[in-house]
Amino acid sequence: MTTVESSPTAAGSGANATEAFRSAQHEAADVSPERISAVVRGVLQGVHGAIREHKVTYPEFQAAKAWLIEVGEGGEWPLFLDVFVEHVVEEVTSEAQQGSKGTILGPYYLPAAKSLPAKATLPMRDDEKGTPLVFAGQVRDIDGTPLGGAEVDIWQADSEGYYSGFAPHLPEGNLRGVVTTDEEGRFEIRTIQPAPYQIPTDGPTGKLITAAGWHPWRPAHLHLIVRAPGHRPITTQLYFQGGEYLESDVAEAVKPELVLDPQDQGDGTVKSTYDFELERA
Ligand code: DHB
Ligand code: FE
């Protein structure tokens with residue numbers, strides 16, 4: 001794997017996130033005129049309500065327009081929408097779902113990561129920094145039947161909070177893989193503990209966060225999509241007990257069921273276990 005030496009920027013990760021979104025196979029939305037009208041009217045009413053409540057001025061309105069243009073030109077719509085909006089879409093989607101809890105996908109999923117066996121080490125650099133982590137568990141149906149041959153598609157930031165494919169200094173495919181469970185539905189993945197993730201501060205989303213006096217951080221997390229034939233895939237994230245920003249995730253995607261409790265193995269490694277339960281599709 002070759003490493004390109006240059007620092008990640010908002011412009012780089014924003015543009016890459018827009019590119020990744022465009023090339024992903026998103027389910028077609030079949031939306032009636034009535035529904036478009038109702039939803040868009042609701043969004044506009046929310047905006048009109050905020051303008052009236054806060055007596056928004058013309059200079060503020062023009063500044064908002066300039067900022068919206070910048071978000072588009074910087075390719076930051078996936079970043080902005082996945083941080084500030086996706087968690088509510090996930091909340092309403094999950095109301096009718098059974099099985100393990102899901103949460104937001106975020107902008108940094110890439111399909112077709114390396115296929116790996118049930119016991120595997122994620123692709124990483126020879127000198128990959130970070131506390132070694134063993135992440136193990138089982139995939140089952142909600143009735144308890146183990147699901148052998150299930151896929152645990154995992155991606156994560158490195159120990160500096162950067163994602164391969166979106167930060168040019170990282171090798172392609174770093175800390176990404178698709179693990180297939182054994183006949184008992186089990187998996188054991190060796191990786192490193194990710195660092196908290198900071199929204200790029202040099203782009204329009206970061207500028208807004210700074211201007212509003214908010215913080216730009218997400219707690220450290222593993223991303224997962226767990227799939228098994230005949231079952232509804234689960235898109236989720238797992239966090240680490242005691243980690244920073246668990247209570248103040250800028251993307252509001254933490255749920256208490258998704259917090260791992262890593263155990264020190266006495267050899268510098270930590271181990272976490274988590275079982276996934278999938279409902280039938
Ligand atoms: C964003 C980044 C993430 O790593 C994530 O999990 C969710 C959102 C973002 O920058 O939009
Ligand atoms: Fe993430």
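This is a short walk around two ligands and the residues beside them. Keep in mind that you're looking at a predicted model.

**Stop 1: ligand 1 and its shell.** Select ligand 1, then add the residues around it: Leu79, Val83, Ile104, Gly106, Pro107, Tyr108, Tyr163, Tyr197, Arg218, His221, His223 and Gln237. Try colouring them by type: you'll get 7 nonpolar, 4 polar and 1 charged. Now switch on the cartoon and look for helix H4 (77-84) and strand E9 (221-227), which each supply at least two residues of this shell.

**Stop 2: polar partners.** Which residues put a polar atom beside an oxygen of ligand 1? Start with Arg218, where a side-chain N or O atom sits 2.6 Å from a ligand oxygen. Next, pick Tyr197 and find its polar side-chain atom, 2.7 Å from an oxygen of ligand 1. For Leu79, show the backbone, since that is where you'll find an N or O atom 2.8 Å from a ligand oxygen. Is ligand 1 buried or exposed here? On its own it would expose 290 Å², and the protein buries 100% of that. The space ligand 1 takes up is the largest cavity.

**Stop 3: the iron ion.** Select ligand 2, the iron ion, and show Tyr163, His221 and His223 as sticks. Their OH (Tyr163) and NE2 (both histidines) atoms coordinate the iron at 2.0 to 2.1 Å. Along the chain, these donors follow the spacing Y-x57-H-x1-H. Trace the cartoon from Tyr163, in the loop between strands E4 (151-156) and E5 (176-180), to His223 in strand E9: the pair ties together parts 60 residues apart in sequence.

Key. Residues numbered from 1 in each chain as written. Chains lettered and ligands numbered in written order. Predicted model: local features only at pLDDT ≥ 70, side-chain atom pairs only at ≥ 80, totals over all residues. Heavy atoms only, no water. Near = heavy atom within 4 Å. Polar contact = N/O pair within 3.5 Å; in protein donor to acceptor, adjacent residues only side chain to side chain. Areas by Shrake-Rupley, 256 points an atom, 1.4 Å probe, with all protein chains shown as cover. 1 Å grid on protein atoms, 1.4 Å probe; cavity = no way out; pocket = protein on both sides within 12 Å on 5 of 7 lines; lining within 4 Å. Sits in = over half its atoms within 2 Å of the grid points. Helix = DSSP H or I, 4+ residues; strand = E, 2+ residues; numbered from the N terminus. Nonpolar A, V, L, I, M, F, W, Y, C, P; charged D, E, K, R; others polar. Donors = N, O, S within 2.8 Å, 3.2 Å for Na, K, Ca; no water.
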